[in-house]
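Hi,

Here is the structure I promised to hand over. Have a look at it first, then read on for what turned up.

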Amino acid sequence: MTGHRPGRLVLIGHPVAHSLSPAFQNAALRDAGIPLTYEALDVPPAALPHALRLLRTQRAAGNVTVPHKESVFIACDVLTPLARRVGAVNTFWTRDDGALVGDNTDVAGFEALADALGVVRAHCVVACMGSGGAASAVCAAVEQWPGALVRLWARTPQRARALAARFGDRVRVAPSLRDALDGAQLVVNATPLGLRDEDVPVAPDQLPRDARVMDLVYRRGETRWVREARRAGHAACDGREMLLVQGAAAFEQWFHRPPPLEVMRRALEAAAAR
Ligand code: NAP
């Protein structure tokens, strides 16, 4: 880990213009008196190797979002044990010796969402839709919950099988969505379904009774799935708290100081309302 301040602070993704991260990271930087600006960089996949070479020379740190989390995982010289477990990097920094270090703070973000929803972790049966980087962070968190189990359901079964194979018997691929949901106490959407208001990942009447509903997607006014699940009597929340906490954990990695969480939360709420 570098003992010096990063030379530059960025979010790498494609697209990134919609991201709420700059709003709350810049509020945190101002509050902490750190003279840096958190910049959203739209990097198409073909331009990623060049962008990473440049960022390394600038001693940059930052976050990574869709679709680059797995490519940055491969490009890093050093990985934290958690990033290695997840197989994806959402937070990075450049060490004094020029090494690019990759971490994953989405796991901490997911744990914060579980707290917000009052999830009872021990022996929890989790139905998780999706098999990308976010689903992998869910698996890495839940495998630490005593006796808990993830049932994965994804539209590309081979990707779900490959993810489950990395986690042993605590993560299983369900033969159908109905099997994934059957008796689940927590249902997680780890697909982008819901970014458009007309999409819901599971019809509310298919949700198991009393299941808690966690949407990793966030959008202005909450996602339709969260609104409908709540109307049907489920405890439900979208991915905003996860976004905040993964960003706060990243801030702590970059600057070795506690993040101004309430300042960040207020900035995020204000940006989401705009
Ligand atoms: P990813 O690696 O691209 O994986 C996306 C997963 O969703 C894949 O399994 C993909 O299936 C599936 N999928 C995509 N479109 C679909 C559709 N129309 N119907 C059904 N399944 C579909 O993305 P990710 O990094 O895991 O992120 C997933 C979502 O979580 C994104 O919306 C992201 O913004 C959100 N997220 C939020 C936070 C937060 O802080 N709140 C953090 C991380 C991620 P295929 O493999 O078949 O393409």
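Let's begin at P15, which sits in the loop between β1 (8–13) and α1 (21–32). (Helices, H or I of at least four residues, and strands, E of at least two, are DSSP runs numbered from the N terminus.) The bond joining H14 to P15 is a cis peptide bond, with omega at about 0°.

Before going further, a word on what you are looking at: this is a predicted model, where local features need pLDDT of at least 70 and side-chain atom pairs count only at pLDDT 80 or more, while totals for chains, interfaces and linings use all residues. Residues are numbered from 1 along each chain as its sequence is written, and side-chain values use heavy atoms, with hydrogens and water left out.

**More backbone oddities**

A cis peptide bond also joins V66 and P67, this time with omega at about 5°. P67 is found in the loop between β3 and α3. Then there are R59, with a positive phi of about 50°, and E222, with a positive phi of about 65°; R59 is not a glycine, and neither is E222. Why bother listing these? Because most residues other than glycine have a negative phi, and most peptide bonds are trans.

R59 belongs to the loop between α2 (48–57) and β3, and E222 to the loop between β11 and α9 (224–231). For exposure, buried means under 20% relative accessible area, exposed means over 50%, and partly exposed is in between (1.4 Å probe, protein chains only). R59 has 32% relative accessibility, so it counts as partly exposed. E222 has 22%, so E222 counts as partly exposed too.

**The overall picture**

The protein has eleven helices and twelve strands. Its C-alpha atoms fill a box of roughly 50 × 40 × 35 Å along the principal axes. The radius of gyration is 18 Å, which agrees with the value near 19 Å for a compact globule of 274 residues. (That radius is taken over C-alpha atoms, and the globule rule is 2.2 Å times the number of residues to the power 0.38.) Of the 274 residues, 55% are buried.

Contacts tell you about the fold as well (contact means heavy atoms within 4.5 Å). If you take the contacts with a separation of 6 or more, 66% are between residues 24 or more positions apart.

**Two pockets**

A pocket here is an open set of points on a 1 Å grid over the protein atoms alone, where a 1.4 Å probe fits, with protein on both sides within 12 Å along at least five of seven lines; lining residues have an atom within 4 Å of a point. Points are joined across faces, edges and corners, and the volume is the space filled by probe spheres set on them.

The largest pocket holds about 1,400 Å³ of space. It is lined by 47 residues, and the closest to its centre are V66, A134, A190, T191 and P192. You met V66 above, in the cis bond to P67. Elements giving two or more residues to this lining are β3 (60–64), α3 (69–75), α6 (133–142), α10 (240–255) and α11 (261–273), and α10 gives the most, with four. By class, the lining has 22 nonpolar, 16 polar and nine charged residues. (Nonpolar covers Ala, Val, Leu, Ile, Met, Phe, Trp, Tyr, Cys and Pro; charged covers Asp, Glu, Lys and Arg; the others, Gly among them, are polar.)

The second largest pocket has about 160 Å³ of space. E222 is one of the residues lining the second largest pocket, and others include R240, L244 and R265. β12 (236–237), α10 and α11 each give two or more residues to that lining. The classes there are six nonpolar, no polar and six charged.

**Aromatic rings**

Rings of Phe, Tyr and Trp (its six-membered ring) pair if their centres lie within 6.5 Å; planes under 30 degrees apart are stacked, over 60 edge-to-face, and the rest tilted. That rule gives four aromatic pairs. F110 and W145 have ring centres 5.8 Å apart and planes at 15°, so they are stacked. F110 is in helix α5 (residues 106–116) and W145 in the loop between α6 and β8 (149–153), 35 residues apart. Both are buried. Separately, Y38, F251, W254 and F255 form one aromatic cluster.
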